Amino acid sequence: MLIVLDNAESILGLQGTGGQEIYAVVEELSRFSNICLCITSRISTVPPDCETLDVPTLSTEAASDTFYRIYKHEKDSDPINNILEQLDFHPLSITLLATVAQHNKWNTSRLTRKWERQRTGMLHAQHSKSLAATIELSLASPTFQELGPYARALLEVVAFFPQGVDENNLGWLFPTIPNITNIFDAFCVHSLTYRSNIFVTMLAPLRDYFCPQDPTSSPLLCTTRDHYFRRLSVDIYPDKPGYEEARWIMSEDTNVEHLFNVFTSIDTKSRYIWDTCAYFLQHLHRHKPRLITLGLGIERLSDGHPSKPECLYRLSQLFGSVGNYAERKRLVSHALKIWRERRDDHQVALVLESLSDANRMLGLCKEGI
Amino acid sequence: MEVYEQLDDPVGQAECLKTLAWTLHGDHQLGAAEEAVSRAIDLLPEKGNQLLVCQCHRVLGSIYRSKGKTEKSIHHYETALGIASSFDWHDQLFWIRRSLAGLFFDQDRFDDANAHLRHARSLAINNPYNLARAMQLQARIWDEQCKFEQAKSEALRAAEVFEKHGAVRDLRRCRQFLERIDSKRT
């Protein structure tokens with residue numbers, strides 16, 4: 001006999017006496033030699049006698065097949081595959097996307113435009129079938145509710161960061177939240193998150209759903225930002241203490257850059273944010289030199305902004321360390337002009353030396369001397 | 001220099017003298033470069049500032065390399081290597097290893113050059129630009145060893161990184177090298 005328990009998280013996740021009894025029944029069923037029990041579930045707490053298979057996300061081909069099984073209007077694979085990839089090939093999201101597009105008789109170009117505007121917000125088919133409804137069902141379950149008042153806010157933080165959250169950093173990122181490791185374990189058990197190397201992250205549709213529209217409206221995210229900022233706010237000298245510790249930036253650079261991109265676009269003039277940004281640039285220069293997208297924001301600051309020359313100088317160092325000496329010279333010259341106007345002799349000396357080095361690297365040795 | 005003198009900051013002065021030494025070296029004023037870097041070392045307090053000391057030895061290594069004084073050059077590079085190793089400074093270690101590879105390459109000691117370059121590459125995992133600089137030298141070594149296909153492919157990969165990062169000077173050199181390889185083969 002074959003018994004299939006589909007979406008079994010709704011019964012296996014129940015708490016209390018009823019939940020225990022259901023679990024006991026399922027456990028007993030799994031022991032019968034003449035019964036083949038098949039359980040599909042988002043949670044991994046199934047009876048121990050069951051063999052567990054993790055279902056991976058779909059391949060590009062399978063995702064495309066799933067989409068076109070429902071969507072019959074036209075076949076234009078490139079833009080559709082692009083959207084499917086952005087959905088991390090998440091089966092439910094693909095089914096909903098295809099259903100919505102089919103019901104509304106959208107052609108590919110209209111579907112692409114809709115996706116660009118609404119993203120996962122458009123994954124809402126008729127009869128209450130939507131990504132939101134499915135996620136909220138999980139969040140309303142007693143097992144999720146038991147995780148405490150911070151669980152949802154934590155998911156928002158995980159969703160905000162492109163790399164997710166480094167599990168080794170839970171202690172200093174969320175110092176006031178009790179049982180933080182257990183909560184993150186529970187997120188994985190519920191398939192709300194997954195582990196990718198050292199990071200706990202989410203599939204793209206879930207990230208899109210949980211990510212706060214206005215990051216400043218999430219107190220936990222703002223606190224997390226402040227923890228990152230405090231950690232960054234140290235000068236790094238290779239021959240002084242703290243240099244080794246600053247290597248943490250090598251694995252978290254994408255998260256931190258995103259943090260600055262978002263918060264500098266919300267508050268374009270905050271001294272607190274730009275001062276910390278200069279430290280971030282210093283961290284990158286020392287431990288992971290690469291180009292960044294924050295340059296435009298720095299250059300848009302008025303020359304009177306207190307943090308501008310430091311940011312320009314640190315950015316120039318970064319350009320120098322990737323071999324772009326023309327840009328290094330341009331930026332350091334700008335920093336020099338501002339510090340001269342401010343009559344800051346020490347900083348003037350510092351950037352003059354840097355300017356001389358930039359000239360040398362450009363082959364302008366006479367100018368450098 | 002003048003500002004640091006007015007501020008009575010010997011470490012700042014030493015930093016400037018080190019940069020001046022590099023620039024004089026680039027301008028082929030080797031005697032003046034040697035004098036500048038020696039003054040920098042004299043200005044530094046006995047303890048601390050190990051990064052600057054390390055960098056000064058690297059400049060001296062390069063000055064003596066340009067002067068053709070191989071033994072002295074190796075001595076200074078190895079002194080710099082010792083300091084950088086004790087602090088695990090990947091960036092300094094990379095440039096010292098690359099310089100040593102260049103020195104041995106100049107003398108057709110390809111095995112020694114390759115050994116240092118292998119070390120250098122392992123230190124540039126998180127630094128695409130440095131890695132490309134190592135690839136650029138590797139291409140020159142392979143070219144000298146008549147491994148033209150490998151040399152060309154390596155130089156093309158380096159050029160791609162230089163282009164992406166806006167490293168115009170390196171890109172120009174890389175393209176000139178590629179043109180030379182192509183002209184040799186035709």
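These questions and answers walk through a predicted model of chains A and B.

Residues count from 1 along each chain as its sequence is written, and chains are lettered from A in the order in which they are written. In this predicted model local features need pLDDT of at least 70 and side-chain atom pairs count only at pLDDT 80 or more, while totals for chains, interfaces and linings use all residues; side-chain values use heavy atoms, with hydrogens and water left out.

Reader: What is the mean pLDDT of chain B?
Author: pLDDT is the predictor's confidence in each residue, from 0 to 100. In chain B, 99% of residues reach 70 or more. The mean for chain B is 92.

Reader: How many residues of chain B are in contact with chain A?
Author: Contact means heavy atoms within 4.5 Å. Chain A brings 30 residues to the meeting. Chain B brings 32.

Reader: What area do chain B and chain A bury between them?
Author: Buried area is the accessible area (1.4 Å probe) that two parts lose on being put together, summed over both. Here 57% of it lies on carbon and sulfur atoms. The total is about 2500 Å².

Reader: Which side chains meet in a salt bridge between chain B and chain A?
Author: A salt bridge needs a side-chain nitrogen of Lys or Arg within 4 Å of a carboxyl oxygen of Asp or Glu. The count between the two chains is one. Its N to O distance is 3.9 Å. The partners are A:R247 and B:D88.

Reader: Which helix gives the most to the side of chain B that touches chain A?
Author: Helices are DSSP runs (H or I, at least four residues), numbered from the N terminus. Several supply at least two residues of that side, including α4 (50–67), α8 (128–144) and α9 (148–165). The top giver supplies eight residues. That helix is α2(B).

Reader: How many nonpolar residues has the side of chain B that touches chain A?
Author: Ala, Val, Leu, Ile, Met, Phe, Trp, Tyr, Cys and Pro count as nonpolar; Asp, Glu, Lys and Arg as charged; the others, Gly among them, as polar. This side has seven charged and 11 polar residues. The nonpolar count is 14.

Reader: How many residues apart in sequence are the parts that A:R290 and A:D253 tie together?
Author: Their salt bridge has its closest N and O atoms 2.8 Å apart. A:R290 lies in the loop between α15 (271–287) and α16 (295–300) of chain A, and A:D253 in helix α14 (residues 249–266), so the pair ties together parts separated by 37 residues.

Reader: Is A:D253 buried or exposed?
Author: Buried means under 20% relative accessible area, exposed over 50%, partly exposed in between (1.4 Å probe, protein chains only). The value for A:D253 is 3%. Therefore A:D253 counts as buried.

Reader: Which residue forms a salt bridge with B:E34?
Author: The closest N and O atoms are 2.3 Å apart. B:E34 sits in helix α3 (residues 30–43) of chain B, and its partner in helix α4, 33 residues apart. B:E34 is buried at 18%, whereas the partner is partly exposed at 30%. That partner is B:K67.

Reader: Which residues of chain A does B:N127 touch?
Author: B:N127 lies in the loop between α7 (110–122) and α8 of chain B. Its relative accessible area is 7%, so B:N127 is buried. Leaving out residues up to four places away in sequence, B:N127 touches B:D91 in its own chain. In chain A, B:N127 touches A:P289 and A:S321.
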